[in-house]
Each structure stands twice: as C-alpha cells, then as structure tokens.
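Let's take a walk through a protein model, starting with one pair of charged side chains and working outwards. Keep the 3D view open as you read.

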Amino acid sequence: YVVRDGGYNPSETETPELTLFSPPWCELYANPSITQKLLDTSDFDVAAWLIEEITDVFASTEGTAFISGDGVGKPRGITAYDMVADASWTYGKVGYIAGGHASLLNNVDKLIDLQHALKPVYRQRARWLMNDTTLNVVRKFKDGEGNFLWQPGLTEDAPDTLLGKPIEIDENMPDIGADAYPIAFGDFKRAYTIVDHKAGTRLLRDPYSKKGFVYFYTVKMVAAGISNFEAIKFLKISVA
C-alpha cells in the first residue's frame, strides 16, 4: 500500500492474483445391516450405536485421505502433491528442506531451516505435524547447552512444543526413511482447505431391500486439497 497526504491522486498499486481452487467432491458411504429382530429385542439402542460407529469410520477415513489420499475418488492429501527443493519452489508445488542424511533424522539445524523456510506471516500460527514414531526421535534432540528442544505443554490439554511451536501428532504421516517426508511445518488452516457438502451426512434407513434386515445407507460428501502452497513446508529424509 502507499501512504499519502489528503488530496493526492493515488497511482495504481499491484493487485493480488486469484487461482481457481476446485477439488472434486468425493463420496464416503457405508451400507451396514442389522436384523429387525435385534433392533426389536436389544436392551440398548443398536441403531444409534451403529450410526456412531459409521461416523467414527468416516472420520478415520477422511483423516487418512487428508494426509496421503491420491485424489482419485478421495481427497488429495498434503503428501500427495509434487515436492520440490524449497530453493526452486514454484506455486502449485510443495517446498521441502533436505534433512542432510540419506535415511536418518539426526540434524537439528535442518529443523530450524524448515521453520524459517516458511514466511513469517504463516510462521506465526504454524504447527509441526508428524507421527508418534518421529516424535520419539525429535524428543531426544538437544541444543548446544544440553536443553531439550521439545517441551511439554505447561497446562492441561496444551500441546507439546518444538522450537516454540505446537506439535500435532497424526499416525497417517510417513515414518522416517530414505526419501520420506515425515515432518510438515505450516499454517494448516491457510494451507489446506476442507469443504463438507451442505447436505451433511445423510442416512437412509432401508427395511425393504431384504426381508428381516434393515440397511443403514449412509453418505457424506467432502472436497479437500492444498489451497495455499506457500503456507506449508516439509522435511525430506535425503542428503540434498
């Protein structure tokens, strides 16, 4: 922007560019059945239990897709995009910092490099993302004075931190290994967009298709993908 005095006729400034974000709708469905006899004679609400189980499975399936989904019939996960060395990053790809070793995570400085690969505007609300096996390695890292870089949350339900930023654990993240991307750092709310269809989760109770059975046909539609490629970076297990 330009600061000006009153009465000055401003010249045109640069205009931000918009890029179309239109991930395809993906459908989750389940169609389990329960005998009518069990529904009639059970001492607890079997239908409610089944619906709760379906909801849990949907959440687990979505969680996996948001990390590793290939975008074919399911959302495209954050690890399924083209990865490039951050020095040659271009929009539409995800930048990475090489960890400095072909198969191990053993260089603390590379975590600092990863943190600073993210622009400060995104770093303010950024978080680390890794699985628990990777965290087990990270928790043992120390600085030059012998202090652990990992710090536990100081209050109940507060997240643990690494280099001052919260850590989120997701078991769908890759393990440490050659050419793997086990750690992400980013402002995920700005980087990854998830859209649930306005129809929500729909349930069709079907007692007609098979006598003596009730089918619970459940459908949910979701679309998701990276919408801001600047707001997320990865650590790659490689020399360069």
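Start with Asp86 and Lys233, whose side chains meet in a salt bridge, 2.7 Å from N to O. A salt bridge here is a side-chain nitrogen of Lys or Arg within 4 Å of a carboxyl oxygen of Asp or Glu. The two partners come from distant parts of the chain: Asp86 is in the loop between S3 and S4, Lys233 is in strand S13, and 147 residues separate them. Lys233 is buried, at a relative accessible area of 6%. Buried means under 20% relative accessible area, exposed means over 50%, and partly exposed is in between (1.4 Å probe, protein chains only).

A quick word on ground rules. This is a predicted model, in which local features need pLDDT of at least 70 and side-chain atom pairs count only at pLDDT 80 or more, while totals for chains, interfaces and linings use all residues. Residues are numbered from 1 along each chain as its sequence is written, and side-chain values use heavy atoms, with hydrogens and water left out. As for the H and S names, helices (H or I, at least four residues) and strands (E, at least two) are DSSP runs, numbered from the N terminus.

**The sheet around S13**

So where does S13 sit? An open sheet of 8 strands runs in the order S3-S4-S13-S9-S5-S8-S7-S6, with mixed pairing. Two strands pair if DSSP finds at least two bridges between them. At the edges stand S3 (83–85) and S6 (150–151); each has a single partner strand, so one side of each is left without a neighbour in the sheet.

S13 has S4 and S9 as partners. With S4 it runs parallel, joined by 4 bridges, and Ala98 has Lys236 as its bridge partner in S13. S9 and S13 are also joined by 4 bridges, but they run antiparallel; here Phe185 is matched with Lys233 in S13. That's our salt-bridge lysine again. Moving along, S5 (residues 127–130) and S9 (residues 183–186) pair in the antiparallel sense over 3 bridges, with Leu129 standing opposite Ala184 in S9.

How many residues of S13 are buried? The count is 5 of its 5. Both faces are covered: Ile232, Phe234 and Lys236 are buried on one side, Lys233 and Leu235 on the other.

**More charged pairs**

Side chains of opposite charge can pair when their charged atoms come close. The whole structure has 8 salt bridges, and three of them are listed here.

| Salt bridge | Closest N to O distance |
|---|---|
| Asp86 and Lys233 | 2.7 Å |
| Asp82 and Lys93 | 3.6 Å |
| Lys220 and Asp196 | 3.7 Å |

Lys220 lies in S12 (residues 213–226) and Asp196 in S10 (residues 192–196), so this pair ties together parts 24 residues apart in sequence. Lys220 is buried at 14%, whereas Asp196 is partly exposed at 44%. These two also belong to a network of salt bridges with Glu62.

In the Asp82 and Lys93 pair, Asp82 is partly exposed, with a relative accessible area of 47%, and Lys93 is partly exposed too, at 27%.

**Rings that meet**

A pair of aromatic rings is described by the distance of the centres and the angle of the planes. Rings of Phe, Tyr and Trp (its six-membered ring) pair if their centres lie within 6.5 Å; planes under 30 degrees apart count as stacked, over 60 as edge-to-face and the rest as tilted. The structure holds 8 aromatic pairs. In one of these, the rings of Phe66 and Tyr192 have centres 5.9 Å apart and planes at 65°, so the pair is edge-to-face. Phe66 is in helix H2 and Tyr192 in strand S10, so the pair ties together parts 126 residues apart in sequence. Phe66 is buried at 16%, and Tyr192 is buried at 10%.

Tyr81 and Phe229 are another edge-to-face pair, at 5.5 Å centre to centre and 75° between the planes. Tyr81 lies in the loop between H2 and S3 and Phe229 in the loop between S12 and S13, so parts 148 residues apart in sequence are tied together. Tyr81 is buried at 12%, and Phe229 at 8%. Ring pairs also link Tyr81 and Phe229 with Trp89 and Tyr91 in a cluster.
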